[in-house]
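Me: I would like to learn how to read a pocket and a buried side chain in a model such as this one. Could you take me through it step by step?

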Amino acid sequence: MNDKKLKKILKDAMENKKLKTGAKEVQQSIKGTSLILTSTSLPISTADKIKKLSDENNIPLYKYPGNSSNLGRVCNLTYRTSIISLKNISEDEIASILNE
């Protein structure tokens with residue numbers, strides 16, 4: 001997956017308020033989530049909880065190759081984030097993110 005396509009998908013999700021950031025918020029709003037993105041700087045204990053939740057709810061999990069600062073930058077956020085959940089995105093967008 002190229003960064004431009006990922007940036008576009010994340011930008012659209014931000015504009016349409018279909019994006020949640022932060023471990024607590026992602027865990028609280030797991031229903032309706034289409035895809036979860038995690039950065040390399042997500043703590044292992046949190047990553048294990050998220051992995052379990054995603055498995056239980058059949059939600060694809062994508063490990064973004066950068067750290068939380070890079071993930072925040074890709075989303076055009078002014079802060080860093082270790083985890084993002086996307087709601088109501090298309091199957092094509094999910095496939096394009098997962099099949100890099």
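Reply: A pocket is found on a 1 Å grid over the protein atoms alone, as an open set of points where a 1.4 Å probe fits, with protein on both sides within 12 Å along at least five of seven lines, and lining residues have an atom within 4 Å of a point. The model is predicted, so local features need pLDDT of at least 70 and side-chain atom pairs count only at pLDDT 80 or more, while totals for chains, interfaces and linings use all residues. Residues are numbered from 1 along each chain as its sequence is written, and side-chain values use heavy atoms, leaving out hydrogens and water.

Me: Which residues line the largest pocket?

Reply: The lining consists of Thr38, Ser39, Thr40, Leu42, Ala47, Asp48, Ile50, Lys51, Leu61, Lys63 and Tyr64. Among helices (DSSP H or I, at least four residues) and strands (E, at least two), numbered from the N terminus, α3 (44-56) and β3 (61-63) each give two or more residues to this lining, and α3 provides the largest share, four residues.

Me: Is Thr33 buried or exposed?

Reply: Buried means under 20% relative accessible area and exposed over 50%, with partly exposed in between (1.4 Å probe, protein chains only). Thr33, in strand β2, is buried because its relative accessible area is 9%.

Me: Which backbone oxygen does the side chain of Thr33 reach at 3.0 Å?

Reply: A polar contact is a pair of N or O atoms within 3.5 Å; within protein, one must be able to donate a hydrogen and the other to accept it, and residues adjacent in sequence count only if both atoms are side-chain atoms. Here the partner is the backbone oxygen of Ser29, while that of Ile30 lies 3.1 Å from a polar atom of the Thr33 side chain.
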